[in-house]
Amino acid sequence: METDQTERDAAHNKTEKMFTLKKWNLVAMWSWDVECDTCAICRVQVMDACLQCQSENKQDDCVVVWGECNHSFHNCCMSLWVKQSNRCPLCQQEWVVQRTGK
Amino acid sequence: MTTPARRRLMRDFKRLQEDPPAGVSGAPSDNNIMLWNAVIFGPHDTPFEDGTFKLTIEFTEEYPNKPPTVRFISKMFHPNVYADGSICLDILQNRWSPTYDVSAILTSIQSLLHDPNPNSPANYEAAQLYRETRREYEKKVAAIVQESWNDDDDDDDDEGEEDEEESKAGS
């Protein structure tokens, strides 16, 4: 019968292992998911607090903002600039927020 | 107390010193970081060649969200420079971006000397001569290049240059 045949085949495969895995080393890599790591407005790294927050000692509240164009700035720096012009300071495209965060 | 604008200007100054663009130089004035003095050397292959044109750059606390006021102190004859030395340049007005710094401003003005835009003249005579009688334009420019060497009289520019190369023994 067909079922018997497949069971026998499975049993056969179990006994004859091609190889055994003795050791398994995983290596993970990561990098910041940003195109530009310095805020082009205040010229401080985006992962550090902007100049404004540094001088007001509000380092923890300083977050990064990414636009649809994938350019990133400090949210504080960008919120001041959009009052002047709603364009990305780097590529001049219309500024649309993609996300904010650290 | 330092403000973000002042700290940004310190960064601009640092960058200008570490990575100086060719043919321009600038530094904050002695007691006021919001007021800079700069020099643009006339670009090669232009009638401005060999000129040393002095400028002032005045920043506000809104920098870099607002552009500074840039003005030639040396006499200038250029289609896009007004009689009072102020400059008609898009990036200093409606095309300003907060990513620009002193280095970018000075190199943009340097390239404006190279490529005037006679279609939006600030100096009508210069624009007309540039378009119609280039020889006359070049003569007028040659005169202000000469004058640019003489404007040291008003302030004492006798600081000794101390960066003479020291000979290193046994290298």
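Put chain A and chain B of this predicted model together, and they bury about 1,400 Å² between them, with 52% of that on carbon and sulfur atoms. In chain B, the residues that lose the most area to chain A are Arg11(B), Asn65(B) and Thr99(B), which together make up 39% of what that side buries. Counted by contacts, the interface involves 16 residues of chain B and 16 residues of chain A. If you're wondering about the choice of quantity, the size of an interface is often given as the accessible area lost when the parts come together.

What about charges and polar groups across that interface? The rule finds one salt bridge between chain B and chain A. Have a look at Asp101(B) and Arg43(A): they form a salt bridge, and their closest N and O atoms are 4.0 Å apart. Polar contacts between the two chains come to five residue pairs, with both residues at pLDDT 80 or more.

Now turn to chain A by itself. Three helices and three strands make up its secondary structure elements, and along the sequence they run α-α-β-β-α-β. Chain A has 102 residues, of which 27% count as buried. Its contacts reach along the sequence too: taking those with a separation of 6 or more, 51% are between residues 24 or more positions apart. As for surface, chain A exposes about 7,600 Å², and carbon and sulfur atoms supply 50% of that area.

Next, the cysteines. How many disulfides does the structure hold over all chains? The count is zero. A disulfide is a covalent bond between the sulfur atoms of two cysteines, and the cut-off used here is 2.5 Å between the sulfurs. Cys39(A) has its closest cysteine sulfur in Cys77(A), at 3.9 Å, so the pair is too far apart for a bond. Cys50(A) is in no disulfide either: the nearest cysteine sulfur, that of Cys53(A), is 3.7 Å away. Are these cysteines buried or exposed? Cys39(A) is buried, with a relative accessible area of 0%, and Cys50(A) is buried as well, at 1%.

That leaves the backbone. Most residues other than glycine have a negative phi, and most peptide bonds are trans. With that in mind, which residues here have a positive phi without being glycine? One of them is Gln92(A), whose phi is near 65 degrees. You'll find Gln92(A) in the loop of chain A between helix H3 (75-81) and strand E3 (97-101). Its relative accessibility is 30%, so Gln92(A) counts as partly exposed.

Over in chain B, Asp50(B) also has a positive phi, about 80 degrees, although it is not a glycine. Asp50(B) is in the loop between strand E2 (32-41) and strand E3 of chain B. With a relative accessibility of 54%, Asp50(B) counts as exposed.

Follow chain B past strand E3 (52-58) and you get into the loop that leads to strand E4 (69-72), which is where Pro64(B) is placed. What kind of peptide bond joins Tyr63(B) and Pro64(B)? The bond is cis, with omega at about 5 degrees.

Note on methods. Residues are numbered from 1 along each chain as its sequence is written. Chains are lettered from A and ligands numbered from 1 in the order in which they are written. This is a predicted model: local features need pLDDT of at least 70, side-chain atom pairs count only at pLDDT 80 or more; totals for chains, interfaces and linings use all residues. Side-chain values use heavy atoms; hydrogens and water are left out. Helices (H or I, at least four residues) and strands (E, at least two) are DSSP runs, numbered from the N terminus. Buried means under 20% relative accessible area, exposed over 50%, partly exposed in between (1.4 Å probe, protein chains only). Contact means heavy atoms within 4.5 Å. Accessible areas come from the Shrake-Rupley method with a 1.4 Å probe; for residues, only the protein chains shown count as cover. Buried area is the accessible area (1.4 Å probe) that two parts lose on being put together, summed over both. A salt bridge is a side-chain nitrogen of Lys or Arg within 4 Å of a carboxyl oxygen of Asp or Glu. A polar contact is a pair of N or O atoms within 3.5 Å; within protein, one must be able to donate a hydrogen and the other to accept it, and residues adjacent in sequence count only if both atoms are side-chain atoms.
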